[in-house]
Amino acid sequence: MELRALQYFVTVAEELHFGRAAQRLGIVQPAVSQQIARLERELGVRLLDRTSRRVRLTPAGERVLAAARKTLAAAARVRVVVGEPAAVLRIGVASCVTRRLDRAVSRLGEGERPAAPKLVDLPVTARLDAVRNGELDLALVRGALTSATVRVVRAWSEPLHAVLACEHPAARRPSVGLHDLDPYGLRLPARDSDPPMHDAILAALPVSPLRPPAGDMLSVLFEVGRDPEGWTLMPAEQLDGSRSERLVRMPLDPPVTVDGHVVTSLATPKPCVASYVAAFAD
């Protein structure tokens with residue numbers, strides 16, 4: 001029994017379609033059919049029920065699928081041990097490293113399907129375009145996001161924190177409410193710098209911003225630090241590890257959260273999507 005035959009079977013089982021499986025594997029469809037037929041002869045069982053309209057696993061196929069995945073995962077770990085690199089997983093991220101990202105990279109490298117994550121720093125819009133074009137395997141995006149051209153799956157939720165100038169009247173409090181902050185002091189980056197995050201913050205605000213956007217987030221933080229009434233909102237995890245003598249961060253009361261999403265192409269197999277989401281989930 002060859003590992004290649006098991007890989008072909010797992011791919012067909014995930015797609016439930018011989019044509020799509022062949023496309024994923026980069027081979028012609030007859031070669032997939034031949035390998036599956038050979039595997040069925042070796043095992044002496046029928047793994048797939050096929051008709052002109054659909055493909056589905058038999059009860060024996062369900063059992064073999066679980067065993068095949070474990071076998072392929074074990075083979076992948078062996079290749080890593082002997083020095084063959086794991087499959088590269090290209091992940092689009094923002095230009096900051098968080099504990100969640102560190103933890104997920106470890107999970108992806110040690111899971112049933114070991115991967116060697118490669119982090120690619122791109123703006124959000126470019127991140128999504130790269131997933132659509134196949135230049136990235138997945139991207140991480142916070143905020144309000146829906147799309148018909150990529151698959152968007154919520155993976156985690158985190159609080160928004162207020163970032164205030166040190167001279168702000170509320171800077172010594174343990175927490176602050178959005179209604180306690182002067183709307184005129186709010187600074188936000190331009191929407192095109194991160195549309196999903198921008199829209200999520202706007203949805204959380206009790207009133208609309210009164211000042212024009214201040215470029216990117218770095219410009220926003222600079223402006224907040226110069227204004228005794230200045231403030232902005234950022235995801236708590238993006239603030240971890242950051243320090244500034246001109247700024248303070250504090251939780252909101254009542255809390256406000258923002259969702260984090262794993263974004264993949266529509267062609268990414270569902271089991272792969274599930275493993276990516278599990279790696280980044282709480």
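User: Let's start with charge. How many positive and negative side chains does the chain have, and how far apart do the centres of the two sets lie?

Analyst: Happy to help! Keep in mind that this is a predicted model. To read charge, count each kind of side chain and then compare where the two sets are centred. Here there are 37 positive and 32 negative side chains, and their centres lie 9 Å apart.

User: What does the secondary structure of the chain come to?

Analyst: For this feature, we list the helices and strands. This chain has 10 helices and nine strands.

User: Why is the chain said to be more spread out than a compact globule?

Analyst: The idea is to set the radius of gyration beside the value from a globule rule. For 282 residues the rule gives 19 Å, but the chain has 24 Å, which is well over that, so it is more spread out than a compact globule. You can also look at the C-alpha trace, which spans about 75 × 40 × 30 Å along its principal axes.

User: And how much of the chain is buried?

Analyst: A residue counts as buried when its relative accessible area is under 20%. By that cut-off, buried residues make up 43% of the 282 in the chain. The accessible surface comes to about 14,900 Å², and carbon and sulfur atoms hold 54% of that surface.

User: Could we try one helix? Is α1 mostly covered or mostly open?

Analyst: Good choice! First find its extent: α1 runs over residues 3-15, and its 13 residues reach 18 Å from the first C-alpha to the last, close to the 18 Å expected. Then look at cover: α1 is mostly covered, with 10 of its 13 residues buried. Among them are L6, F9 and V12. Just after the helix comes L16, with a positive phi near 50°.

User: Now a single residue. Where does S95 lie, and is S95 buried or exposed?

Analyst: We place the residue first, then check its accessibility. S95 sits in the loop between β3 (87-93) and α5 (99-110). Its relative accessibility is 62%, so S95 counts as exposed.

User: Which residues does K118 touch?

Analyst: For contacts, we skip close neighbours in sequence. K118 is in strand β4, residues 115-121. Leaving out residues up to four places away in sequence, K118 touches V88, L89, R90 and I91.

User: How much of the chain's contacts come from residues 24 or more positions apart?

Analyst: Here we ask how far along the sequence the partners sit. Among contacts with a separation of 6 or more, 73% join residues 24 or more positions apart.

Notes:
Residues are numbered from 1 along each chain as its sequence is written. This is a predicted model: local features need pLDDT of at least 70, side-chain atom pairs count only at pLDDT 80 or more; totals for chains, interfaces and linings use all residues. Side-chain values use heavy atoms; hydrogens and water are left out. Helices (H or I, at least four residues) and strands (E, at least two) are DSSP runs, numbered from the N terminus. The expected span of a helix is 1.5 Å times one less than its number of residues. Buried means under 20% relative accessible area, exposed over 50%, partly exposed in between (1.4 Å probe, protein chains only). The radius of gyration is taken over C-alpha atoms; the globule rule is 2.2 Å times the number of residues to the power 0.38. Contact means heavy atoms within 4.5 Å. Accessible areas come from the Shrake-Rupley method with a 1.4 Å probe; for residues, only the protein chains shown count as cover. Lys and Arg count as positive and Asp and Glu as negative; His and the chain ends are not counted. The place of a charge is taken as NZ of Lys, CZ of Arg, CG of Asp or CD of Glu.
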